[in-house]
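Biologist: I would love a close look at a single part of this model rather than a tour of everything. Please pick one stretch and walk me through it, with your cut-offs as you go.

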Amino acid sequence: MTQNKAGLTLAAVFLAISVVLTGCGGGGKPAAQVPAPASTGDQPKLDGELNVFNWSEYLPQEVIDEFSREYGVKVNYDTYSSNEEMLAKIQSGASGYDLVVPSDFMMQVMVKKDLLEPIDLSAVPNFKNIGDQYKNQAYDPGNKYSVPYMWGDAVIAVNTDKVKRPITSWKDLWDPAFKGKVVSLNDMRFVIGATLKTLGYGMNETDPAKLDQAKAKLKELAPNVKVWDSDSPKTSLLNGEAWIGLVWGAEGVLARRENPAIQVVYPTEGIGLWQDNMAIPRGAKHKRTAEAFMNFVLRPEIHKKIADAFPYNLPNVEAQKLLDPSVLGDPQVYPPQDVLAKGEWLRDLGDTTQLYDRIWTEVKGQ
Amino acid sequence: MKRRILGLYSVLVYLFLYAPIFVLILFSFNRSKLNATWTGFTFDWYAKLLHDKPILEATGNTLLVALVSTAASTVIGTAAALAMHRFRFAGKRLMEALLYIPIVIPEIVMGVSLLALYVMLGMELGLPTIIIAHIAFSISFVTVTVRARLHGFNRYLEEAAMDLGADEWTTFRRVTFPLIVPGILSGALLALTLSLDDFVITFFTAGPGSTTLPLRIYSMLKLAVTPEVNALSTVLLGATLLLVTLSQRLQKKEL
Amino acid sequence: MTAGVGSGLTRARASLRRLPFLSRLMTRGSENGRAYLLLAPTVFWLGLFLLVPLVLVAITSLTVRGAYGETVYRWTLANYARFFEPLYVQILWRSLVVAFWTTAICLAVGYPFAYFLAQVPRRHRGTLLMLVIVPFWTNFLIRTYAWVVILRTTGVINTVLQALGLISEPLSLLYTPGAVLVGMVYGFLPFMVLPLYTSIEKLDHSLLEASSDLGAPPWRTFLRVTLPMTMPGVVAGTILVFIPALGMFVVPDLLGGARTMLIGNLIQNQFLTARNWQFGSAASIILMALVTVGLMAYARSFGFEGEELVG
């Protein structure tokens, strides 16, 4: 029975710890925790609660706290790490979330599947702060369902200490000299997209013959790739496992902060672009509050605060003006106009997604 | 001699088990946020941890879920193990298959299909739905472990007890139960470990505000798992080790 | 606090003694009836929260995928047929190989270790056992990342070996099949050690002594007495390691560089990136059916079941 007792003691203490932590973390009954509104003047009548489902490391806690303080709303903030996880959860129909942040192509899917509520833009007056080139995207003309949140790109990052020759093209990743020295996003669409670019095609190609060529080409890249990593490709660049890579632009910039030899390169064929958007799932219980939250995020000083905390790019031109000139003027952070003009957005490809999946499985399964 | 070799070997296994733990602890003092290279010593992450409400809340949720689901699945799983070991009954083969399913089922399949079920039943997602899921996947791990202990169990001991006038319940309580305690304990430890770490199934069964630690940590991947998580792990690890020592001391005193 | 736990324990014991329901359960009724009573909670729980959802999965696996991943209720077996294409069979085979080696190494490493745990003096046993499991209460991801730090080019192992002058160039350890195996064995070792321990711990040492008294060499005693008697632990351990290892893909992704696709990746991808729940469901059902059948045959071949009452 002595082992038994050890178990019980442990259990009791575990329970105690968990109760204490949940308590001091402010869990328990949400209603009891609602802070009193700081100002009640012109604000619309809001619910006491808002359930936000966002990418993690994408919204600083202090912004959430500020919103809570100002509007007297308790924010439940949960996170996901891929569009598809979010989709799987939202399409169940009863996730309980009031605000989600889908990327471009996922917006398209969610609109098609009728998973989103139309947004009342009159309740989001700060929408006017958004730059024209970020509004009216092909996936949501007129911004019926989406309000831009952040955007970024997929680029090449290279460690110039290890790679002496100039890097200009996606094709450079195929250089036999980089055998086992490449880190690549583990993202089916962007990787096949970059491969298509080397062949002179677009990132949203649906022609099976062209995709077949891309498959053959991508199989040639496989031996060069030391690691496929969408989550934190900068790590392999920083610790020397990889010399060059197909990475998120923000990852390249973060890596450069730690090691100045790492530089961001925009391939001449054109970079990949993405944009994340705030949207309201169908049936959300706190729609007005979600819109108030969107409006709050789009305030220039708030939006700027988010970009300060996380290294993605602002679609909010008023907020951009508040940025340190060294950030806005850094061509490795905010790509120059000609690079942007040649960049491409991903679209959802409907049934062709299956073809992409097949290619991906064959390359990884060989 | 033989014993010494075995002891030495076991020290090596412990080293293997703790090697990553040492690294984890070391990096909780690393200045760099990126967890990639060592840049300098700091206590900052521990200080930050104290004020990080979301992560403390998630830790509380995790422990609560783990504890409740372990307790429930240990009781349910042990009962199943006893029945499977003891009795011949119609449908045993089917039961056998049913008990293997939670081990066999791919996590994501269990996650999305449970989510569909909860929605069909109109259940609100939250800690209870997470706990239900954790119990479901833990039961079989307990059953398999307890059955390994029961296997080849000496029935004569029980018969002897009954010959001496004990009823079957007393026999269970005084003879069978003490003998299978190590099996139950092992099963419970496995269930606890599974629950503390589960990400996929928890992700799909969690609702607003019921985030657990693995959920927080996995989604941090996009930027970097900060050393704050290492700091948290270090604190929890220290607390657990302290408890283990403490309970050991207590037992010795009582013996 | 100590007093609280102590009195709680006494109370727990007392209530254990007083539970009339359990007591009746153990003493009355037919075999069938008693078995069903003990199994009722399991049947309820697994039936409702596992079987019913599985029926949904089975239905999905028989339908057609619409252009945006929606279910079109037109019955088909195409999703099942697709799984038997060489591409997918190859992926399944590779996963089986990885799971096999993980299990074999876990067994080889874990058996002597469990033996050690089972024969240390009783008063240390609890502590040593706890020490095995405690590392696994830290987050899985953090632990795996720690392995990255140990194995990488500029990592702990290479630094130490270079400092000792044993190697001049750093070894390439991370993102190799070896790294995957290390990570897998590390992750699953307790699932092998604990069942082995419970089985070895009850080993009747008089039998071992009898064997050696009769002149059997140690290896023979091990093969003829120890191993057969601890076989239930071996069977339980291999089950608890092999099956989860078969579906595991996070370790291969993080330590192997995600360079090869395993069955776990395949299924995950179908449910997420490919948004093809139909094929994902079919693949899962085939996998589960194969493994369950294999498992039951394996368990039975060692008499793990059907040893109810020795008649």
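Modeller: Happy to. Domain bounds here come from an automatic or database domain assignment. For chain B that assignment gives domain 1, residues 1–42, and domain 2, residues 52–254. Before going further, this is a predicted model, so local features need pLDDT of at least 70 and side-chain atom pairs count only at pLDDT 80 or more, while totals for chains, interfaces and linings use all residues. Residues are numbered from 1 along each chain as its sequence is written, and chains are lettered from A and ligands numbered from 1 in the order in which they are written.

The part I would choose is helix 1 of chain B, residues 2–27 (helices are DSSP runs of H or I with at least four residues, numbered from the N terminus). Its 26 residues span 38 Å from first C-alpha to last, close to the expected 38 Å; that expectation is 1.5 Å times one less than the number of residues. Even so, the helix bends by about 40° at Y18(B), the bend being the angle between axes fitted to the seven residues ending there and the seven starting there. A proline, P20(B), follows within four residues of the bend.

P20(B) also appears among the buried residues of helix 1, alongside L17(B), V23(B), L24(B) and F27(B). Buried means that 20 or more other C-beta atoms, placed from the backbone, lie within 10 Å of the residue's own.

Now for the surroundings. The centres of domain 1 and domain 2 of chain B, taken over C-alpha atoms, are 27 Å apart. Nine residues of domain 1 of chain B touch nine of domain 2 of chain B, contact meaning C-beta atoms, placed from the backbone, within 7 Å. On the domain 1 side, those residues are five nonpolar, three polar and one charged (Ala, Val, Leu, Ile, Met, Phe, Trp, Tyr, Cys and Pro count as nonpolar, Asp, Glu, Lys and Arg as charged, and the others, Gly among them, as polar).

Helix 1 has a part in the contact between chains B and C too, where each chain contributes 86 residues. Several helices of chain B supply at least two residues to its side, including helix 1, helix 3 (53–86), helix 8 (168–197) and helix 11 (227–254). Helix 1 gives the most, with 13 residues. Taken as a whole, the chain B side divides into 60 nonpolar, 14 polar and twelve charged residues.

How values were computed:
Buried ≥ 20, exposed ≤ 12 C-beta atoms within 10 Å, placed from the backbone. Contact = placed C-beta atoms within 7 Å.
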